[in-house]
Amino acid sequence: MSAGLDLEENKRYFSKELLQWYQRERRDLPWRRSRDPYHIWVSEIMLQQTRVETVIPYFNRFVDRFPSLRELAEAPEEEVLKHWEGLGYYSRVRNLQTAVREVVEHYGGRVPSNKKDVSSLKGVGPYTAGAILSIAYNQSEPAVDGNVMRVLSRYFCLEDDIARSSTRISIEGLAQELIPGGEAADFNQALMEHGAMVCTPKSPSCLDCPVREGCLGRLHGRERELPVKTKAKKPRPVFRFAALVEGTGSNAGKVLVRQRPDSGLLARMWELPHVEVPDAMEWESLSLGKEYLETALAEDGVRILATEHAVGDAQHIFTHLVWNIRVLAARAHEEQYVEERTSYKWVGPEDFESYVWPNVFRKLLTEYFIHNKIAG
DNA sequence: AAAACGGGGGA
DNA sequence: TCCCCAGTTTT
């Protein structure tokens, strides 16, 4: 076999060229200016399923307010959540705070530097464990995310379905082999940087690729078909009526809101009271919506009078479902007080910002308080 | 193995 | 529109 086509030699070519490319082209990102394992950790959690450009301002605000692991551990959960508002996947930050408290408690406030301990932390899975160990401690551990699976699938022309966990495990083995001695931190970031900047999901920039000469996917003309990935199912639509209940008397200028349950979707965040209806058909009937809303709130001990006047529609898209929300104007019965123990509260423009809202309700209420109207 | 879990931006 | 993003946890 000619030396130029030897697989092991191709691996060494890939690692060497990619590392050199990274050392020339690396972006100047906030978390790359820090050597603090806690900062690396925060960035990795934020970057899960979230683009770099989105994360940058959140990261800066977060480490500005919680500069060290201990300050995050001691902060009120509400304030931590507030700094995550709008980023999504809110369990990430609850788990992060749980985990830093664990680090203070069991590891003297230092982020563990071995696989077993770091992996045991809440919210730290195989990717994040590898990222912390390699980037913060320069250990030869793979950090395989979507970028890495795409890059290596193309370069080595691997046809395994990257949606399968067995594929991630085998790619971790390959990724580990590729790490040049003593260069885990830069090499792992090089792999991800390459996936983000050059070997992008659609229309990869092969002409600018530092390793194009050894890319087996490209040599086979398969670079646009790889990686193989089974399609996700479409999100399921659900239909809901929400009540915009305006307060009277001492509650004038305020709106009735409620806090979501401690677990599950959007846990402990605030929302307009709303109720799900069986299907799209029911959603067309405003009188049915009025009945549903009044009944549902009455079961929570909150008496309101809804109208058949829709003040706007909103949509909230999750990975697995879509909320279609029709907002009906409503008012409280006379003497409707909200008891302390319930999850309901009156909120005005003054204290709006001290609550944490899913995006859809943040937009709805901002419209209401600032422009005094809601548009679909 | 599959579903739950946000939100936004690029093509 | 569709894809997918520096994924993890729960079922």
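Two exercises on a predicted model follow, each with a worked solution.

Residues are numbered from 1 along each chain as written, chains are lettered from A in the order written, and side-chain values use heavy atoms without hydrogens or water. In this predicted model, local features need pLDDT of at least 70 and side-chain atom pairs pLDDT 80 or more, while totals for chains, interfaces and linings use all residues.

**Exercise 1. Describe chain A as a whole.**

Step 1. Start with the elements. Chain A has 15 helices and seven strands. These are DSSP runs, numbered from the N terminus: helices are H or I with at least four residues, strands E with at least two.

Step 2. Take the box. The C-alpha atoms fill roughly 85 × 50 × 35 Å along the principal axes.

Step 3. Check burial. Of the 376 residues in chain A, 50% are buried (under 20% relative accessible area, 1.4 Å probe, protein chains only).

Step 4. Look at contacts (heavy atoms within 4.5 Å). Among those with a separation of 6 or more, 67% join residues 24 or more positions apart.

**Exercise 2. Compare the expected span of helix 3 with its end-to-end distance, then find its bend and its packing.**

Step 1. The expected span is 1.5 Å times one less than the number of residues. Helix 3 (residues 52-65) has 14 residues, so 20 Å is expected; its end C-alpha atoms are 20 Å apart, which agrees.

Step 2. Locate the bend (the angle between axes fitted to the seven residues ending at a residue and the seven starting there). Helix 3 kinks by about 25°, centred on Y58.

Step 3. List the buried residues: V52, V55, Y58, F59, F62 and V63. Residues three or four places apart point the same way, because an α-helix has 3.6 residues a turn.

Step 4. Name the partners. The buried residues of helix 3 pack against helix 2 (37-46), helix 4 (69-74), helix 5 (77-82) and helix 6 (91-106).
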